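Here is a short tour of one protein model, written for someone meeting it for the first time. Have the sequence and the 3D view open as you read.

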Amino acid sequence: MLEAALQDKLGQVRHDWTIDEIRQIMDQPFNDLMFQAQTVHRQNFNPNEVQTSTLVNIKSGGCAEDCSYCSQSSRYDTGLEKEKMMAVQEVVDKAIAAKEKGATRLCMGAAWRNPNKKDFPIVLDMVKMVKGLGMETCLTLGMLDDDQVKQLKDAGLDYYNHNLDTSEAYYPQVITTRTFQDRLDTIDKVQKADINVCSGGIIGMGEAHKDRAELLKTFANMHHHPSSVPINLLVPVEGTPMAHMRGKTDSFEFIRVIAAARILMPQSYVRLSAGRMELTDEAQALCFLGGANSIFYGDKLLTTDNPESDHDTVLFEKLGINMQVAKTHLKSEAKSA
């Protein structure tokens with residue numbers, strides 16, 4: 001069991017977590033961890049409701065970054081062809097289809113180091129058009145400058161995704177073309193503009209257990225917790241430096257990260273994200289029990305496979321889980337603190 005002083009703090013919104021406290025939470029007996037995570041979850045969310053997002057790759061391939069896991073890097077031969085920016089109407093059509101299947105948010109991703117001047121106005125139009133459908137909007141475009149952040153705010157963007165991927169210490173083993181601080185700087189700009197941040201990490205890239213704890217510590221000690229925290233399980237892609245990493249992560253370790261994230265960030269959505277194809281239905285059920293309450297819905301996540309919508313529907317029926325149909329609990333900590 002946890003020390004009494006730490007036990008009393010569970011469920012509180014804090015920004016001063018120590019690595020020792022986080023390790024105590026993550027490393028305790030599995031049943032205790034799950035019970036605590038579910039308790040915290042019920043204090044803040046409907047435990048039988050999951051928010052669903054659909055991810056659309058609006059511009060794929062040709063990225064200048066060297067992220068060792070990514071099929072879209074121009075540095076690796078993964079068989080992925082570089083494609084032009086998707087037309088606005090095509091994005092709108094995909095948004096309509098996603099909404100009809102139950103998604104409440106459209107996440108649009110472009111394989112950029114940072115947005116270019118030619119295509120950025122098109123992205124702004126996409127945001128405005130998708131919002132016009134009554135959906136939440138999310139973008140992931142790489143690093144941003146202050147003017148781009150302002151334009152996104154003016155366009156009505158709801159969320160900006162910018163993952164940290166791993167701990168600061170392990171980060172150089174994964175990416176060398178931009179720094180960990182670069183990512184933190186972009187997140188800071190977005191939060192200062194009062195745009196919700198979506199930021200998470202990837203489990204299974206060869207990092208140690210302590211790196212997972214350090215990653216969670218970075219999120220949990222931000223001035224405002226990310227509104228959404230996607231936890232990804234590495235999907236090894238042939239042609240990337242991490243192609244050999246398949247099956248290297250125990251599912252119980254992955255679930256521990258989900259549960260710890262829920263305890264450390266009580267009011268954030270914790271998203272069970274990429275890598276769900278690697279998990280059994282039973283493992284996914286434990287993730288939901290541990291506090292995951294958001295998923296990507298649809299058969300593709302950028303360039304990797306995702307469970308088909310029909311499979312998710314059947315799983316939800318078995319578990320008695322409902323898809324969130326409206327913005328019933330969009331409680332970013334910035335607004336509730």
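Which side chain does aspartate 119 join in a polar contact of 3.1 Å? The partner is lysine 118. Before going further, keep in mind that this is a predicted model.

**Aspartate 119**

To find aspartate 119, go to the loop between β2 (105-110) and α5 (120-131). Its relative accessible area is 8%, so aspartate 119 is buried. If you set aside the neighbours within four places in sequence, aspartate 119 is in contact with Met85 and Trp112.

**Helices α3 and α9**

Now turn to two helices that meet. Helix α3 covers residues 30-44 and helix α9 covers residues 251-264; their axes come within 9 Å and cross at roughly 35°. This crossing of α3 and α9 is left-handed. On the α3 side, the contact is made by Phe30, Leu33, Met34, Gln36, Ala37, Val40 and His41. On the α9 side, Phe252, Ile255, Arg256, Ala259, Ala260, Arg262 and Ile263 take part. Sorted by class, the contact of α3 with α9 has 10 nonpolar, 2 polar and 2 charged residues.

Two residues from that list are worth a second look, as they bring us to aromatic rings. The model has a count of 4 aromatic pairs. What kind of pair do phenylalanine 30 and phenylalanine 252 make? Their ring centres are 5.3 Å apart and their planes stand at 85°, so the pair is edge-to-face; the cut-off for that label is over 60 degrees. Because phenylalanine 30 sits in helix α3 and phenylalanine 252 in helix α9, the pair ties together parts that are 222 residues apart in sequence. As for exposure, phenylalanine 30 is buried, with a relative accessible area of 18%, while phenylalanine 252 is partly exposed at 42%.

**Helices α2 and α8**

Here is another helix pair. Helix α2 (residues 19-27) packs with α8 at an angle of about 120°, and the axes are 10 Å apart. The way α2 passes α8 is a right-handed crossing. From α2, the residues involved are Ile19, Ile22, Arg23, Met26 and Asp27. They meet His209, Lys210, Arg212, Ala213, Glu214, Leu216 and Lys217 in α8. By class, the contact of α2 with α8 divides into 5 nonpolar, 1 polar and 6 charged residues.

**Glutamate 207**

Arg212 of α8 also turns up in the story of glutamate 207. You will find glutamate 207 in the loop between β6 (201-203) and α8 (209-220). Is glutamate 207 buried or exposed? With a relative accessible area of 7%, glutamate 207 is buried, since buried means under 20%. The side chains of glutamate 207 and arginine 212 are joined by a polar contact of 2.7 Å. The side chain of glutamate 207 also reaches the backbone nitrogen of methionine 205, at 2.7 Å. Not counting residues up to four places away in sequence, glutamate 207 touches Thr166, Tyr170, Ile202 and Arg212.

**Asparagine 221**

Move along to the loop between α8 and β7 (228-233), and you reach asparagine 221. Where does the side chain of asparagine 221 reach? It goes to the backbone nitrogen of tryptophan 17, at 2.8 Å. Asparagine 221 and tryptophan 17 are 204 residues apart along the chain, yet their C-alpha atoms are separated by 6.4 Å. Leaving out neighbours within four places in sequence, asparagine 221 is in contact with His15, Asp16 and Trp17. Asparagine 221 is partly exposed, with a relative accessible area of 23%.

**Two aspartates with positive phi**

Last stop: two aspartates and their backbone angles. Aspartate 165 has a positive phi although it is not a glycine, and aspartate 194, also a residue other than glycine, has a positive value too. The table sets out both.

| Residue | Phi | Loop | Relative accessible area |
|---|---|---|---|
| Aspartate 165 | about 75° | between β4 (159-161) and α7 (180-192) | 2%, buried |
| Aspartate 194 | near 65° | between α7 and β5 (196-198) | 39%, partly exposed |

So the loop holding aspartate 165 lies between β4 and α7, and the loop holding aspartate 194 lies between α7 and β5. Aspartate 165 is buried, whereas aspartate 194 is partly exposed.

Methods
Residues numbered from 1 in each chain as written. Predicted model: local features only at pLDDT ≥ 70, side-chain atom pairs only at ≥ 80, totals over all residues. Heavy atoms only, no water. Helix = DSSP H or I, 4+ residues; strand = E, 2+ residues; numbered from the N terminus. Buried < 20%, exposed > 50% of the residue type's maximum accessible area, 1.4 Å probe, protein only. Polar contact = N/O pair within 3.5 Å; in protein donor to acceptor, adjacent residues only side chain to side chain. Contact = heavy atoms within 4.5 Å. Axes fitted to C-alpha atoms, helices over the stretch in contact; angles between N-to-C directions. Left-handed = near helix turned anticlockwise from the far one by under 90°. Nonpolar A, V, L, I, M, F, W, Y, C, P; charged D, E, K, R; others polar. Phe/Tyr/Trp six-rings, centres within 6.5 Å; stacked < 30°, edge-to-face > 60°.
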